[in-house]
Amino acid sequence: MTLAEALAMRVDELLEEKKMTQYKLSMSSGVTQGSIGDIRHMRQKTHSLKMIYDIAQGFGPDLPEFFDSPLFRDGNITD
């Protein structure tokens, strides 16, 4: 899977796990709903580390927790 796919899946996982809406994530992270939607629907293939950091902060975990998922393990990312 691509990094964009893994990122989209992780955001969707955490939204479900935390029982959050995209709107609530936007409010807690400071990232626009449009940008979060772009990630979730893979409309852009690259994202800034700052945006990913802000989204991770919006969920509560820090970056290591955000990336602590089998989605990001060696061999799963092809790009």
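**Helical fold and core of the predicted model**

L71 is placed in the segment that follows α5. In this predicted model, L71 has a relative accessible area of 8% and is therefore buried, the cut-off for that class being under 20%. Apart from residues up to four places away in sequence, L71 touches M1, A6, M9, R10, E13, N76 and I77. Of these, A6, M9, R10 and E13 fall within the range of α1, which covers residues 3-17. The C-alpha atom of L71 lies 17 Å from that of H41, a residue 30 positions away along the chain.

The protein as a whole contains five helices and zero strands. Read from the N terminus, the order of elements is α-α-α-α-α. The radius of gyration is 12 Å, close to the 12 Å that the globule rule gives for 79 residues, so the protein is as compact as a globular protein of that length. The C-alpha trace spans about 35 × 25 × 20 Å along its principal axes. Buried residues make up 38% of the 79 in the protein. Among contacts with a separation of 6 or more, 59% join residues that are 24 or more positions apart.

The exposed surface of the protein comes to about 4800 Å², of which carbon and sulfur atoms supply 53%. The protein carries 9 positive and 12 negative charges, and the mean positions of the two sets are 6 Å apart.

The largest nonpolar core has 15 residues, and the members that touch the most others are V11, L15, L25, I39, I55, F59 and F66. At least two residues of this core come from each of α1 (3-17), α3 (33-40) and α4 (49-59). The helix that gives the most is α4, with five residues.

The buried residues of α4 are M51, I52, D54, I55, A56, G58 and F59. An α-helix has 3.6 residues a turn, so residues three or four places apart point the same way. In α4, the buried set includes I52, I55 and F59, two of which, I55 and F59, are also listed among the core residues that touch the most other members. The cover over the buried residues of α4 includes α1, α2 (22-29), α3 and α5 (63-67).

Two residues of α4 illustrate this cover. With neighbours within four places in sequence left aside, I55 is in contact with V11, L25, S29, V31, I36, I39 and F66. Among these partners, V11 belongs to the range of α1 and I39 to that of α3, while L25 and S29 fall in α2 and F66 in α5. The second residue, I52, is also located in helix α4. Its relative accessibility is 11%, and I52 therefore counts as buried. Outside the four nearest places in sequence, I52 is in contact with L7, H47, L63, F66 and F67. L63, F66 and F67 fall within α5, and F66 is a partner of I55 as well. Between I52 and L63, which are eleven residues apart along the chain, the C-alpha separation is 8.1 Å.

Positive phi values occur at several positions outside the helices. α4 is followed by G60, with a positive phi near 110°. K19 is a residue other than glycine with a positive phi, near 55°, and is placed in the loop between α1 and α2. The relative accessibility of K19 is 71%, so this residue counts as exposed. M42, likewise a residue other than glycine, has a positive phi near 50° and lies in the loop between α3 and α4. At 30% relative accessibility, M42 counts as partly exposed.

The loop between α2 and α3 contains G30. G30 has a relative accessible area of 66% and is therefore exposed. Its C-alpha atom is 17 Å from that of D12, and the two residues are 18 positions apart in sequence.

Methods. Residues numbered from 1 in each chain as written. Predicted model: local features only at pLDDT ≥ 70, side-chain atom pairs only at ≥ 80, totals over all residues. Heavy atoms only, no water. Core = buried A, V, L, I, M, F, W, Y, C linked by side-chain atoms within 4.5 Å. Buried < 20%, exposed > 50% of the residue type's maximum accessible area, 1.4 Å probe, protein only. Helix = DSSP H or I, 4+ residues; strand = E, 2+ residues; numbered from the N terminus. Contact = heavy atoms within 4.5 Å. Rg over C-alpha atoms; globule rule 2.2 N^0.38 Å. Areas by Shrake-Rupley, 256 points an atom, 1.4 Å probe, with all protein chains shown as cover. Lys, Arg positive; Asp, Glu negative; His and termini not counted. Charge placed at Lys NZ, Arg CZ, Asp CG, Glu CD.
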